[in-house]
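Here's a quick tour of the inside of this protein, taking in its rings and its hollow. Have a look at the model first, then read on.

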Amino acid sequence: MDTKDKYLNLLSASKALIDKSVDDVANMANLSKLIAEHFPHHWVGFYRVSGETLILGPFQGPIACTSIPFGKGVCGKTWETQTTQIVDDVHKFPGHIACSALSNSEIVIPCIRDKNVFAVLDIDSTDFGTFSQLDKEYLEELISYL
Ligand code: SME
C-alpha cells in the first residue's frame with residue numbers, strides 16, 4: 001500500500017474513532033495510537049497548550065520532555081506561527097529540543113479551534129527528510145476532525 005492509501009485508511013479510521021462526547025485527551029490518546037499503527041515512526045504524540053507552555057499529552061514512543069515554552073523548539077515555533085513545521089534535519093533547526101537522541105527529522109502540526117492553537121501533533125523520525133507536503137496535507141486534515 002502506498003503512502004497516500006495509508007493516509008486515506010488513517011483518515012477514515014480517525015473519523016470513525018473520534019468521539020465528540022469526550023474530551024480532547026481521550027481522542028488524542030486513540031489518535032496517537034492509530035497514527036503510530038499506520039506509520040510506525042519513532043515518536044507520535046500531542047502537546048497541549050496550558051497558559052504559556054505546551055504540556056506533554058497522549059503519545060506513543062519513548063519518554064519525552066514534559067513542557068515546552070511558547071516559541072521554543074519545533075513545537076513552540078508551530079504554536080507561535082500557527083503553521084505546520086517540516087524539519088528535514090532537526091540538528092540544523094535553531095533551538096530544537098532533543099527529547100530523544102534518535103530523532104533526525106520531524107513534523108509538527110498545529111491543532112486550531114476558533115482561531116486558537118490548543119495543541120500540536122508532533123511526529124519524529126529516526127531518518128532524515130522523512131516528511132513531505134503529502135504528510136502535511138493529510139495530517140492537517142486528520143487534525144481538523146478533533
Ligand atoms: N523536538 C521537539 C520536542 C518534542 S519531542 O520531539 C517529542 C521540539 O523541538 O519542539
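## A charge over a ring

Which residue has its charged end sitting over the ring of Phe118? In this predicted model, that residue is Arg113, and its charged end lies 4.0 Å from the centre of the Phe118 ring.

## Rings that pair up

Now for rings meeting rings. A pair of aromatic rings is described by the distance of the centres and the angle of the planes. The count here comes to five aromatic pairs. One of them brings together Tyr7 and Tyr138, and this pair is stacked, with 5.1 Å centre to centre and 15° between the planes. The two partners come from distant parts of the chain: Tyr7 belongs to helix α1 (residues 3–17) and Tyr138 to helix α4 (residues 133–143), so they are 131 residues apart.

How exposed are these two? Tyr7 has a relative accessibility of 2%, so it counts as buried. Tyr138 comes in at 9%, and so it counts as buried too. Both tyrosines also belong to a bigger group, since Tyr7, Phe39 and Tyr138 form one aromatic cluster.

## An edge-to-face pair

Phe70 and Trp79 make another aromatic pair, this time edge-to-face: the centres are 4.8 Å apart and the planes are at 90°. Is each partner buried or exposed? Trp79 counts as buried because its relative accessibility is 10%, under the 20% cut-off. Phe70 is partly exposed, with a relative accessible area of 37%, which puts it between the 20% and 50% limits.

## The hollow inside

How many cavities of 30 Å³ or more turn up in a search of the whole structure? Just one, and its volume is about 160 Å³. Its lining is made up of 19 residues, and the ones nearest the centre are Ile97, Cys99, Glu106, Asp122 and Asp124.

Which elements give two or more residues to that lining? They are β1 (43–50), α3 (73–81) and β6 (116–125). Helix α3 supplies the largest share, three residues.

As for chemistry, the lining of this cavity divides into eleven nonpolar, five polar and three charged residues.

Technical notes
Residues are numbered from 1 along each chain as its sequence is written. This is a predicted model: local features need pLDDT of at least 70, side-chain atom pairs count only at pLDDT 80 or more; totals for chains, interfaces and linings use all residues. Side-chain values use heavy atoms; hydrogens and water are left out. On a 1 Å grid over the protein atoms alone, a cavity is a set of points where a 1.4 Å probe fits but cannot get out, and a pocket is an open set with protein on both sides within 12 Å along at least five of seven lines; lining residues have an atom within 4 Å of a point. Grid points are joined across faces, edges and corners, and a volume is the space filled by probe spheres set on the points. Helices (H or I, at least four residues) and strands (E, at least two) are DSSP runs, numbered from the N terminus. Ala, Val, Leu, Ile, Met, Phe, Trp, Tyr, Cys and Pro count as nonpolar, Asp, Glu, Lys and Arg as charged, and the others, Gly among them, as polar. Rings of Phe, Tyr and Trp (its six-membered ring) pair if their centres lie within 6.5 Å; planes under 30 degrees apart count as stacked, over 60 as edge-to-face and the rest as tilted. Buried means under 20% relative accessible area, exposed over 50%, partly exposed in between (1.4 Å probe, protein chains only). A charge sits over a ring if NZ of Lys or CZ of Arg is within 6 Å of the ring centre and within 35 degrees of the ring normal.
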